Amino acid sequence: MNSKVFLENLKDVPFIFEAQLSLFTTYRVGGIAEVLALPEKEEQIKELKNFSKKNHLDFRVLGLGSNILVSDFGLPGITCCLRNFKGIRIDGQKVTALAGTALDEVVRASIDCGLAGLENLSGIPGSVGGAVFMNAGAFKAETFDKLISFTVLNAKGEIQEFKKEDVKYEYRKVWGIENCVILSATWVLDVGEKEILKARREEILQSRKAKQPLEYPSAGSVFKRPVGAYASKLIDDCGLRGLSVGGAQVSTKHAGFIINYQNATAQDIYNLIKEVQKIVKEKTGFQLEPEQIFWGKFK
Ligand SMILES: Cc1cc2nc3c(=O)[nH]c(=O)nc-3n(C[C@H](O)[C@H](O)[C@H](O)COP(=O)(O)OP(=O)(O)OC[C@H]3O[C@@H](n4cnc5c(N)ncnc54)[C@H](O)[C@@H]3O)c2cc1C
């Protein structure tokens, strides 16, 4: 594909040809996307998906890039970033947000309206789409707790609404939406006391700041919580805090995080993940499963 063909076919869709993906991921690593599309409207997302299907191009949906590791070798085809597809509507206790909206903005707006139920998700740096995609959660709360439905552009290119009761979901996993673009999500929240909710939000943000290495680029917790243990404790117990590969390091502040400590490559981070998995398996018997998603080629 070349930019001319792309431009001719999708005149109205904002895009960057040969975009540096390190600027669009929180790890601050990743090579070049052949095309990075930045749609602002549902119609544009539809056009992009149909165009990529018709032309047999790779098509990936990028939210705020806070849970992915993109290869140094970049990505062919279309990377469709939804960060400009955003908006929040609050109607009584019903909160609806477009997929590219920062989840934390939805939390803040809900609290401002005295609505309770999302406050424990404060500070998760992903988009609404990314949060629904993997049922993001923290402090014993999950995206799906108060969710009632979400809309997608399905594999056939049709808009489809999923009711929560029709979807199988669990800890960091939602089934049956792998080939869908999530377009929006709706929650029904409880009526709460604004000042109490604000205080809870502040408490959570402070706790994140105290415990997580927010001063370095990362993508949050690298591994899912294994049954019967905590990934960060296992890593810590194996003495892996501070373990480095190239510019990537197991955070000394929170052993569950890998940070881009000093100009890491994606390959450094990938190799460190593999190394941690290997050592933890050898020493404890636990096979850690990454929570993060790998895009592109790794050696
Ligand atoms: C400092 C830090 C702290 C974090 N803390 C937490 C935490 O407490 N709890 C937690 O759960 N996570 C946490 N994370 C990880 C991350 O923020 C979440 O997983 C978030 O839900 C990812 O959203 P995103 O928009 O960044 O998704 P991306 O990283 O852009 O994408 C992740 C996956 O979601 C898919 N996706 C994204 N948007 C859509 C869409 N609209 N439609 C279909 N698929 C889509 C992508 O294709 C990809 O497969 C943290 C990350 C960081 C950097």
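**View A. Strands β2 and β5 run side by side.** In this predicted model, β2 (residues 32-37) and β5 (residues 75-81) pair in the parallel sense, with four bridges between them. You can follow the register residue by residue: Ala 33 sits opposite Leu 75, Val 35 faces Ile 78, and Leu 36 stands opposite Thr 79. How much of β5 is buried? Five of its seven residues are, so call this strand mostly covered by the burial count used here, 20 or more other C-beta atoms within 10 Å.

**View B. The open sheet has β1 and β3 at its edges.** Pull back from that pair and you get four strands in the order β1-β2-β5-β3, forming an open sheet with mixed pairing. The edge strands, β1 (15-20) and β3 (59-62), each pair on one side only. From one strand to the next, the twist averages 35 degrees. As a reminder for reading the ladder, strands of a sheet pair through backbone hydrogen bonds, either parallel or antiparallel.

**View C. Both edge pairings, one antiparallel and one parallel.** β1 and β2 run antiparallel and are joined by five bridges. Look for Gln 20 here, which stands opposite Ile 32 in β2. On the β3 side, four bridges join β3 to β5, and these two run parallel. Val 61 is the residue to pick out, as it stands opposite Cys 80 in β5.

**View D. Helix α2 lies across the sheet strands.** What does α2 (residues 42-54) lie across? The helix crosses β2, β3 and β5. Against β5, α2 runs at about 160 degrees.

**View E. The shell around the ligand.** Which residues come nearest to the ligand? Of the 32 around it, the nearest are Gly 63, Gly 126, Gly 129, Gly 130 and Gly 220. Several elements each supply at least two residues of the shell: β3, α4 (128-133), β9 (137-138), β15 (181-188) and β17 (218-221). The largest share comes from α4, with four residues. If you're sorting the shell by class, it has 18 nonpolar residues, 13 polar ones and one charged.

**View F. Helix α7 and what it packs against.** α7 (residues 266-284) has 19 residues and reaches 27 Å from its first C-alpha to its last, close to the 27 Å expected at 1.5 Å a residue. Its buried residues are Ala 266, Asp 268, Ile 269, Tyr 270, Leu 272, Ile 273, Val 276 and Val 280. Where do they pack? The buried residues of α7 go against β4 (68-70), α6 (231-237), β18 (244-245), β19 (248-250) and β20 (257-260). Right after the helix comes Gly 285, with a positive phi near 90 degrees.

**View G. Arg 200 on helix α5.** Arg 200 belongs to α5 (residues 194-211). Is this residue buried, exposed or partly exposed? Arg 200 has 18 other C-beta atoms within 10 Å, so it counts as partly exposed; the buried class would need 20 or more. For a sense of scale, Arg 200 and Tyr 230 are 30 residues apart in sequence and 24 Å apart in space, C-alpha to C-alpha.

Methods
Residues numbered from 1 in each chain as written. Predicted model: local features only at pLDDT ≥ 70, side-chain atom pairs only at ≥ 80, totals over all residues. Expected span 1.5 Å × (residues − 1). Buried ≥ 20, exposed ≤ 12 C-beta atoms within 10 Å, placed from the backbone. Contact = placed C-beta atoms within 7 Å. Pairing = 2+ DSSP bridges. Axes fitted to C-alpha atoms, helices over the stretch in contact; angles between N-to-C directions. Near = placed C-beta within 6 Å. Nonpolar A, V, L, I, M, F, W, Y, C, P; charged D, E, K, R; others polar.
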